[in-house]
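Please keep the structure open in a viewer and follow the selections in the order given. Each stop names what to select and then describes what is found there.

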Amino acid sequence: MDHKKTTLDLFNNVDLATELTLGLPGTDNQPEIIKSSLSGNKRTSSEMGSSTCTDENESRFSPPTKEQVVGWPPVRSYRKNILQVKKTESEMGSGMYVKVSMDGAPYLRKLDLKMYQSYEELMKGLQVMFKCIIGLYFEREGYNGSQHVPTYEDKDGDWMLVGDVPWEMFISSCKRLRIMKSCEARGLGDC
Amino acid sequence: MTYSFPEEVLEHVFSFLTSQNDRNAASLVCRTWYEMERWCRKRIFVGNCYAVNPRVLIRRFPEVKAVELKGKPHFADFNLVPEGWGGFVYPWIVEFARVYPWLEEIRLKRMVVTDECLEIVSKAFRNFKVLILSSCEGFSTDGLAAVAANCRNLRVLDLRECEVEELSGHWLSHFPDSFTSLESLNIACLSLEVSFSALERLVSRSPNLKTLRLNRTVPLEKISKLLQRAPQLADFGTGAYSAEIRPDVYSSLQEAFSGCKKLKSLSGFWDVVPAYLPAVFSVCSQLTYLNLSYATTQSPDLIKVISQCHNLQRLVVLDYIEDMGLDTVAVTCKDLRELVVFPSDPFVADANVLLTEEGLVSVSQGCSKLQSVLYFCRQMSNSALISISKNRPNLTCFRLCILEPRAPDYLTFEPLDVGFGSIVENCKELTRLSMSGLLTDRVFEYIGKHAKKLDMLSVAFAGDSDLGLHHVLSGCESLRKLEIRDCPFGDKALLANASKLLTMRSLWMSSCFVSFGACKLLGQKMPGLNVEVIDERENLNLLPENAPVEKVYIYRTVSGQRLDMPDFVRIMGKDKNGVYNLSLCDKGL
């Protein structure tokens, strides 16, 4: 305890008026020391615009958003870039965007097949996008129980029924999607 | 009674002193020992290139074979040191070329190295063997071509995390066919493709090759060829670890890896395709070092690899490993000494992965030899820090980065003072500490009181007042490097502890409250220090005395003023000649 007191005394007793003064003798140029505005502080950094800062300090110490703080977090720039590249690449989808048309709809949509992991998810996505009901897929009969049938154009230019081939094969060969009316899909004349 | 050993005996005894500190101590014993020692010192380490100038060095040590120099301060890694600040190695290289024709090894860290420097190195030193450039910049592949073409006896070319101006990948082809001495090649930081056939031929004619770290452009399919040519490799870094999934590629890769019986270090793994990871399983149990920090793949895939690495001593990984993966580390890697976890998405506030303080606590419990930690995470608690400190009192290096500045204990919302206090109190051998989160002056009080072996301290967004800085400067007896950013520390503590700065290598303070006037005063009063004000604002001379400077970098030096400063760097309080310091130089110190 005594040691601690001595250290503090030493610190407090530093006589800045004699040897180590700031500025010219006779002037009183002690900089403000920002005290407990920052201590015991439960505020997040975004709230830290301490009003006790001098004007000069304000612009530096008004906390920027995380992205703007130079050199924080302390990660080397080549390390930041690599992950950014990875993110961009996955965002670009490297060619997984396909046009989707629906019979009777006035304009086409675009859809990123990489956003889906399975036919189920794709169907859900299509149904949400076009506000239609696509129905269930049966291996023998195709789509039952709805007015709409999803088809796609494959690499060879043929129009295929969505669901026949494994998912991985589908997304690597699908060039565009078309949601047909089910009566047309079956080649029936009356709808 | 006086006695003295014959010179040959002294020289022989000194040859057993390898640490520079020991040699420095020996040279202080008496004039004879000083003279004897300086003639036979072969290896030189200069921790701050501006602490001493080349002339002083070569005057004292005439027979040097290996030099290691460090330039910019550590915070330069995070873009806090403006471009052009300094750390130019050219003047050193010129002196070495003049005086040390038998120089064999050059190791540089955070220095500016030009192509001209590399050309001089390649031609001036007949027996040049080792070039290690760590976080350096300023050179291009032309400089590398000169090294490749001219260094007949080169053993090590190691470019660690350098910024290279890449004009072409052709430089590698400049190694002549007669060149067979290569032991270590690290080109991982380069982004341009090098000629694979040149690389393959180089590897084939290098029987002593132990380390090969490729860059991202070397495709996975070609790795097996290289490994087959160099089954003696101890340290291998892959290129991009991705390819179409093909059984033939997989099996030759797997076979090639299993042929590497001496492989202990593995790294690379950019763009990893998880299906190819099992190809390394055969070497996992041999590994002592594994760097998966570019492997952007999920925890289960990482766990499959790590769970086989029973002898791992150093692990570097992304936070994709998650707490679950770290539990595996804790159970499997009983010999672990060092753990590094980098953030995969550092700028996103919300956690993208399930990595918390729990993972670190788990490893601290399970890995009894753990000494060194660098951990990025989004939440921390005092109780976790206390647990870690009690589990691992043998920690020597503890660097924790909580991504959000000033983040409190997420459970109690209190500052993390007590947690870090526990670290310094229990880990008595701690030599390096980096802190983050919400911290008051309290934590500095603990550090000043307990961290007696602390050599390096990094602080950001912490403290309340000058008292914090004072605790550290007055209490940490072993402190040599202190770097501070965005803390409310000003003049008082700095000036009160001015003499402490002479016992340290350097002090960095940026975005703090150190005034222009205080810097001037310190520079005037302390001729043994360079007080560099680094400030990019215009009209710095018009700055009022009490205005805070952007950055100040203070280091002890016998070299005086440096002559290569850009206009945004001012050395305070010295006249242009630095007369006082030059006279010290003439005394041969």
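Begin by selecting Arg110(B), which is found in the loop between strand S3 (105–109) and helix H6 (115–124) of chain B. The model is a predicted one. Is Arg110(B) buried or exposed? With a relative accessible area of 10%, Arg110(B) is buried, because the cut-off for that class is under 20%. Now add Asp77(B) to the selection: its side chain and that of Arg110(B) make a polar contact at 2.8 Å.

Next, select Trp167(A) and Phe170(A). Both residues belong to helix H5 (residues 167–173) of chain A, where they are three residues apart, about one turn of the helix. Their rings form a tilted aromatic pair, 5.4 Å centre to centre and with 40° between the planes. The pair counts as tilted because this angle is neither under 30 degrees nor over 60. Trp167(A) is buried at 10% relative accessible area, and Phe170(A) is buried at 0%.

Move to chain B and select Phe75(B) with Phe78(B). These two residues also form a tilted aromatic pair, with 6.2 Å from centre to centre and 55° between the planes. Phe75(B) and Phe78(B) are both buried.

Which residues do ring pairs link into a cluster with Phe75(B) and Phe78(B)? Extend the selection to Tyr50(B), Trp85(B), Trp508(B), Tyr553(B) and Tyr555(B), which complete that cluster. Over all chains, the count of aromatic pairs comes to 25.

Remain at Tyr50(B), a member of this cluster, and select Arg562(B) as well. Arg562(B) lies over the face of Tyr50(B), at 4.2 Å from the ring centre. For an arrangement of this kind that involves both chains, select Arg79(A) and Phe342(B): the arginine of chain A lies over the face of the phenylalanine of chain B, at 3.8 Å from the ring centre.

For the last stop, select Phe5(B), which is placed in the segment before helix H1 (7–14) of chain B. Phe5(B) has a relative accessibility of 49% and therefore counts as partly exposed; the class of exposed residues begins over 50%. Finally, add Val9(B) and Val13(B) to the selection. Together with Phe5(B), these residues make a nonpolar surface patch of about 250 Å².

Technical notes: Residues numbered from 1 in each chain as written. Chains lettered and ligands numbered in written order. Predicted model: local features only at pLDDT ≥ 70, side-chain atom pairs only at ≥ 80, totals over all residues. Heavy atoms only, no water. Patch = residues over 30% accessible without salt bridge, like charges linked within 9 Å, V, L, I, M, F, W, Y side chains within 5 Å. Areas by Shrake-Rupley, 256 points an atom, 1.4 Å probe, with all protein chains shown as cover. Salt bridge = Lys/Arg side-chain N within 4 Å of Asp/Glu carboxyl O. Helix = DSSP H or I, 4+ residues; strand = E, 2+ residues; numbered from the N terminus. Buried < 20%, exposed > 50% of the residue type's maximum accessible area, 1.4 Å probe, protein only. Phe/Tyr/Trp six-rings, centres within 6.5 Å; stacked < 30°, edge-to-face > 60°. Lys NZ or Arg CZ within 6 Å of the ring centre and 35° of its normal. Polar contact = N/O pair within 3.5 Å; in protein donor to acceptor, adjacent residues only side chain to side chain.
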